[in-house]
Amino acid sequence: TAGGYILYHFSDGSMRQFTGYAIIFFIALLARLMSSYILSKQYEPHYAVSRERDVGFFEIFKKSQFKNFKNFALYIALLNFGVFIAGPFFTPYMLYELKFNYLQFTIINATAILVKFLFTPVWGKHIDTYGSKKALILAGVMMPIVPVLWFFSQNFWYLVIIQIYNGFVWSGIDTASATYIFDSTLP
C-alpha cells in the first residue's frame with residue numbers, strides 16, 4: 001500500500017514516475033540489506049547431507065513409487081502455466097481499462113496478499129484435520145471462479161471483495177501444495 005501511495009503522488013509525468021519507482025526500489029534495497037544483516041546474525045547449525053536416498057529428477061518420473069508426486073507436479077505445473085499466462089494481463093486491465101490509479105491498484109493487490117497471510121493458519125488447521133490432498137482439491141475447485149468473478153463488475157470495492165476471496169483460495173493452494181510435497185515424497 002505504501003508503494004501505491006508513493007506512485008500515486010509521483011504519477012504526473014514520466015520523470016516523476018521514474019522518481020517514484022526509484023524511491024520504491026531504494027526502500028526495497030534498504031530492506032533487503034537489513035534483512036541480509038539480520039539473517040547473517042542467525043545461528044545455523046551444520047547439517048550433514050546423506051546421499052544414500054538421493055533420487056534424480058528423471059528417476060521421479062520413472063519409478064512408480066512417486067506416482068502421487070508426478071500427478072501433483074503435473075497439476076501444479078499446469079495450474080501455474082495458466083496463471084502465469086493470464087496474470088500479466090490483470091495489471092494493464094486495471095490501470096488502462098478500469099482507469100485505477102496506483103493507490104487503488106496497490107490496494108487491490110495488497111488485499112489478496114494480506115488475506116493469504118491471515119488465512120494460512122486456517123488452511124493449516126484444515127490440512128491437519130483432513131489432509132493436504134483434500135485441501136488442495138477444495139482450493140483447486142474454488143480457484144477457477146476467481147477470474148470469472150471479474151466479469152460482473154468494475155467497481156473498485158467489488159474487486160476488493162473478489163481479492164479477499166482470491167487471497168483465501170490461494171492461501172489454500174499455497175499451503176496445501178507445500179505440505180503435499182512432504183506428504184507425497186516421504187517413504
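Hi everyone. Let me start with one definition: when I say contact, I mean heavy atoms within 4.5 Å. With that in hand, here is the overall picture of this predicted model. Among contacts between residues at least 6 apart in sequence, 66% join residues at least 24 apart.

So what is the secondary structure of the protein? We have nine helices and zero strands. Reading along the sequence, the pattern is simply α-α-α-α-α-α-α-α-α.

Next, burial and surface. Of the 187 residues, 27% count as buried. The protein exposes about 13,300 Å², and carbon and sulfur atoms supply 69% of that area.

Now let's go inside. The largest nonpolar core has 16 residues, and the members that touch the most other members are Phe72, Leu79, Met143 and Ile173. Which elements give two or more residues to this core? They are α4 (67-86), α6 (102-130), α7 (132-142) and α9 (156-185). Of the elements, α9 gives the most, with five residues.

If you have the structure open, click on Ile173. Leaving out residues up to four places away in sequence, Ile173 touches Leu79, Leu136, Ala139, Gly140 and Met143. Two of the names from the core list, Leu79 and Met143, turn up again among those partners.

There is also a second, separate core of 14 residues, and its members include Met94, Leu98, Phe105 and Val160.

That brings me to a tryptophan I'd like you to look at. Trp150 sits in the loop between α8 (145-149) and α9. Is Trp150 buried or exposed? Its relative accessibility is 7%, and the cut-off for buried is under 20%, so Trp150 counts as buried. Not counting residues up to four places away in sequence, Trp150 touches Phe90, Tyr93, Met94, Leu98, Ile108, Leu159, Ile162 and Gln163. Met94 and Leu98, which I just named as members of the second core, are among these partners. As for Gln163, this residue is 13 residues from Trp150 along the chain, and their C-alpha atoms are separated by 9.7 Å.

Finally, back out to the surface. Leu114, Phe117, Leu118, Phe119 and Val122 form a nonpolar patch there, with about 500 Å² of accessible area together. Let me pick out Val122, which lies in helix α6. Val122 has 43% relative accessibility; partly exposed covers the range between 20% and 50%, so that is how Val122 is classed.

That's my tour, thanks for listening!

Conventions:
Residues are numbered from 1 along each chain as its sequence is written. This is a predicted model: local features need pLDDT of at least 70, side-chain atom pairs count only at pLDDT 80 or more; totals for chains, interfaces and linings use all residues. Side-chain values use heavy atoms; hydrogens and water are left out. Helices (H or I, at least four residues) and strands (E, at least two) are DSSP runs, numbered from the N terminus. Buried means under 20% relative accessible area, exposed over 50%, partly exposed in between (1.4 Å probe, protein chains only). Accessible areas come from the Shrake-Rupley method with a 1.4 Å probe; for residues, only the protein chains shown count as cover. A nonpolar core is a set of buried Ala, Val, Leu, Ile, Met, Phe, Trp, Tyr and Cys residues joined through side-chain atoms within 4.5 Å. Patches are made of residues with over 30% relative accessible area and no salt bridge: like charges are joined within 9 Å, nonpolar side chains (Val, Leu, Ile, Met, Phe, Trp, Tyr) within 5 Å. A salt bridge is a side-chain nitrogen of Lys or Arg within 4 Å of a carboxyl oxygen of Asp or Glu.
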